[in-house]
Amino acid sequence: MHIAFIGLGNMGAPMARNLLKAGHTLTVFDLNAATVASLCAEGAASADSARKAVAEADFVITMLPAAAHVRTAYLGEDGVLAGVRRGVPLVDSSTIDPATVRELATAAAAQGNALADAPVSGGTGGAQAGTLTFMVGATPALFEQVKPVLANMGRNLVHCGDTGTGQVAKICNNLILGISMIGVSEAMALGVRLGIDASVLAGIVNTSTGRCWSSDTYNPYPGVIETAPSSRGYTGGFGAELMLKDLGLAADAARSVKQPLFLGALAQQLYQAMSQAGDGQLDFSGVIRQYQPRTGA
Ligand code: NAD
């Protein structure tokens, strides 16, 4: 199949590579020439706008940072909707707000294209391994249509409901994740301060009722889990700025239905403080540093 892939960042580039490996013909577009060049060296063709990238495509995927970028990529003068052929399915895998997704889907439908939101979880490791979870908001017919292509990049393909519900699932999951990472950080920092070894404490938690992904797979205390970002200076992984963006999406969505988010709001402020301290590019598990005494203290 001829697929247009727009947005070749930390997630998009490895996802696009998996489509190439699966034998698809790819035309790619990104504002960053270096990442486009690296995909072209592996067999993709490139275009100098989203409009041109989608012109011959049978399927379109976008993987962009935030709603403003997605809006430009679809609705801009040189965007997807200006160039795509009628009937071609559109999939946006970026994490953005459900309202923008629904607005784009309406604009796409007006010219004969169905759009699905399909945000992912699994991080850059999952993107490379092709084991992402896709949370898909689409009609049942569109879900069936996009499934075979998404299966080249992910292992779990979940139909969440109508357009926008993929984003709802993603936002709610990351709300839990942002909060649970702070809970684990608070307890790990306290335990170590009170004299228990970090690995012993994590071992107890991970066989007790405090166990969660933030403790048993991605523990924020350095040295507890060798493969976690905490054991490599909080580099790689999922940046605090992206977590901050997702908690902002949760806050906006909650406001739209007048629901309070007590812990979500507090978590947002902790990641905001991390960002203000200049650590926004570090993995979000670096939030544990808020609890640790400064050097020399
Ligand atoms: P990234 O910043 O690494 O990559 C985004 C890419 O989009 C960049 O290469 C940028 O040049 C390109 N871009 C921006 N505007 C563009 C435009 N108008 N046209 C074409 N290209 C444009 O971001 P990422 O880490 O790949 O994340 C992408 C999305 O996936 C985000 O919404 C993020 O929240 C979500 N996500 C990220 C992770 C993760 O672990 N990094 C995990 C799950 C979901």
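Here is a chat about a predicted model and a few of its strands, loops and annotated regions.

Biologist: Hi! Which domains does UniProt place on this chain, say around residues 3-161?

Modeller: Hello! For residues 3-161, the unreviewed UniProt entry gives "domain: 6-phosphogluconate dehydrogenase NADP-binding". In this predicted model, that stretch is 43% helix and 23% strand, and its end C-alpha atoms are 24 Å apart.

Biologist: And what about residues 164-290?

Modeller: There the unreviewed entry has the annotation "domain: 3-hydroxyisobutyrate dehydrogenase-like NAD-binding". The span is 60% helix and 0% strand, with 34 Å between its end C-alpha atoms.

Biologist: Let's zoom in on S8. Is that strand mostly covered or mostly open?

Modeller: Mostly covered: S8 runs over residues 132-137, and 6 of its 6 residues are buried. On one side you find Leu 132, Phe 134 and Val 136, and on the other Thr 133, Met 135 and Gly 137.

Biologist: Which strands does S8 pair with?

Modeller: S7, at residues 120-121, pairs with S8 in the antiparallel sense over 2 bridges, and Ser 121 stands opposite Thr 133 there. S9, at residues 154-161, pairs with S8 in the parallel sense over 6 bridges. In that pairing, Gly 137 of S8 has Gly 161 of S9 as its bridge partner.

Biologist: What do S8, H8 and S9 make together?

Modeller: A right-handed β-α-β unit, with helix H8 spanning residues 140-150.

Biologist: Changing topic: which residues form a nonpolar patch on the surface?

Modeller: Ile 196, Val 200 and Ile 204, with about 240 Å² of accessible area together. Ile 196 sits in the loop between H9 (165-193) and H10 (198-205).

Biologist: Why is Ile 196 called partly exposed?

Modeller: Because its relative accessible area is 33%, and partly exposed means between 20% and 50%.

Biologist: One last thing: what is the phi of Tyr 234?

Modeller: Positive, about 65°, although Tyr 234 is not a glycine. Most residues other than glycine have a negative phi. Tyr 234 lies in the loop between H11 (213-216) and H12 (240-256).

Biologist: Is Tyr 234 buried or exposed?

Modeller: Buried, because its relative accessible area is 3%, and the cut-off for buried is under 20%.

Biologist: And Lys 258, what is its phi, and where does that residue lie?

Modeller: Lys 258 also isn't a glycine, and its phi is positive at about 55°. You'll find Lys 258 in the loop between H12 and H13 (262-279). Lys 258 counts as exposed because its relative accessibility is 78%, where exposed means over 50%.

Key. Residues numbered from 1 in each chain as written. Predicted model: local features only at pLDDT ≥ 70, side-chain atom pairs only at ≥ 80, totals over all residues. Heavy atoms only, no water. Buried < 20%, exposed > 50% of the residue type's maximum accessible area, 1.4 Å probe, protein only. Helix = DSSP H or I, 4+ residues; strand = E, 2+ residues; numbered from the N terminus. Pairing = 2+ DSSP bridges. Right-handed = clockwise from strand over helix to strand, strands pointing away. Patch = residues over 30% accessible without salt bridge, like charges linked within 9 Å, V, L, I, M, F, W, Y side chains within 5 Å. Areas by Shrake-Rupley, 256 points an atom, 1.4 Å probe, with all protein chains shown as cover. Salt bridge = Lys/Arg side-chain N within 4 Å of Asp/Glu carboxyl O. UniProt positions renumbered as here; feature names shortened; annotations may be inferred.
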